[in-house]
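Dear colleague,

I am passing on the structure that I mentioned, and beneath it you will find my notes on what turned up when I went through it. Please read them with the coordinates open beside you.

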Amino acid sequence: MEELINRIVAHVGLDAPVARKSVGMMLGFLQQSGDTEKVSALIASMPGATEAVAEANFQPGFMPGVMGLGSQLMAGGLGMGEITGVAKETIRFGREKLGGGEVDEIVAAIKNDKDLAANSR
């Protein structure tokens with residue numbers, strides 16, 4: 001996890017604690033919204049991710065899906081560019097650790113979810 005956090009600090013410009021919480025929230029969202037088996041494999045492939053998810057304690061808010069995650073990240077002080085940057089770095093890192101095909105399937109499933117589709121494009 002520290003490798004990913006360091007990348008986010010370097011490429012997105014967030015402080016390490018904010019980066020860690022943001023990744024934890026994103027992974028927590030995936031854990032609740034994605035394919036359980038695939039997301040569990042992704043989290044297991046990233047040392048420290050389980051702890052980051054627990055620390056972030058992502059809870060769905062009033063807005064469902066990706067929009068709810070985004071609103072919580074914005075409430076934490078992130079802008080859209082920073083949210084996008086954290087997501088891209090997390091996806092890249094996941095592809096390195098788990099494999100591109102597996103991560104792409106997780107992302108595609110979230111994008112294709114009928115409840116999320118209108119909000120994720």
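A helix, as the word is used here, is a DSSP run of H or I that is at least four residues long, and the helices are numbered from the N terminus. Please also keep in mind throughout that this is a predicted model.

With that in hand, let me begin with the charged pairs. The structure holds eight salt bridges. In one of them the side chains of R7 and E3 meet, with 3.0 Å from N to O, and both residues lie in helix α1, four residues apart, which is about one turn of the helix. This spacing agrees with a general property of the α-helix, which has 3.6 residues a turn, so residues three or four places apart point the same way. The two partners differ in their exposure: R7, at 18% relative accessibility, counts as buried because the limit for that class is under 20%, whereas E3 is partly exposed, with a relative accessible area of 40%.

E3 also forms a salt bridge with K97, where the closest N and O atoms are 3.8 Å apart. That pair links distant parts of the chain, since E3 sits in helix α1 and K97 in helix α6, 94 residues apart. K97 itself, at 37% relative accessibility, counts as partly exposed. Taken together, E3, R7, E96 and K97 are linked in a network of salt bridges.

A further bridge joins E2 to R20, their closest N and O atoms being 3.6 Å apart. E2 lies in helix α1 and R20 in helix α2, so this pair ties together parts that are 18 residues apart in sequence.

Turning to the interior, which residues of the largest nonpolar core touch the most other members? They are M1, V23, L27 and L30, out of the 30 residues in that core. The elements that give two or more residues to the core are α1 (2–12), α2 (16–33), α3 (36–45), α4 (49–56), α5 (65–75), α6 (80–97) and α7 (100–112), and among these α2 gives the most, with seven residues. As a general matter, nonpolar side chains tend to be buried together in soluble globular proteins.

Individual contacts help to show how the helices meet. Leaving aside its neighbours within four places in sequence, M1 is in contact with R20, V23, L27, P47, G48, A49 and A52. V23 and L27 are also touched by T90, whose contacts, not counting residues up to four places away in sequence, are L4, I8, V23, L27 and M46. T90 is found in helix α6 and, at 9% relative accessibility, counts as buried.

L73, found in helix α5, likewise counts as buried, at 2% relative accessibility. The contacts of L73, with residues up to four places away in sequence again set aside, are S22, M25, M26, L78 and I83. For L73 and S22, which are 51 residues apart along the chain, the C-alpha atoms are separated by 6.8 Å.

Helix α4 deserves a separate look. Which of its residues are buried? They are A49, A52, V53 and A56, and, seen down the axis of α4, these buried residues fall within an arc of 100°, so they line one face of the helix. What covers them includes α2 and α3, while T50, A54 and E55 are exposed on the other side of α4. The helix is followed by N57, which lies in the loop between α4 and α5. The phi of N57 is near 50°, a positive value in a residue other than glycine, and you may wish to look at this point in the model yourself.

Finally, there is a nonpolar patch on the surface, of about 380 Å², which is made by F62, M63 and M67. M67 is found in helix α5 and is partly exposed, with a relative accessible area of 35%.

With best wishes

Terms used. Residues numbered from 1 in each chain as written. Predicted model: local features only at pLDDT ≥ 70, side-chain atom pairs only at ≥ 80, totals over all residues. Heavy atoms only, no water. Core = buried A, V, L, I, M, F, W, Y, C linked by side-chain atoms within 4.5 Å. Buried < 20%, exposed > 50% of the residue type's maximum accessible area, 1.4 Å probe, protein only. Contact = heavy atoms within 4.5 Å. Arc of directions from axis to C-beta. Patch = residues over 30% accessible without salt bridge, like charges linked within 9 Å, V, L, I, M, F, W, Y side chains within 5 Å. Areas by Shrake-Rupley, 256 points an atom, 1.4 Å probe, with all protein chains shown as cover. Salt bridge = Lys/Arg side-chain N within 4 Å of Asp/Glu carboxyl O.
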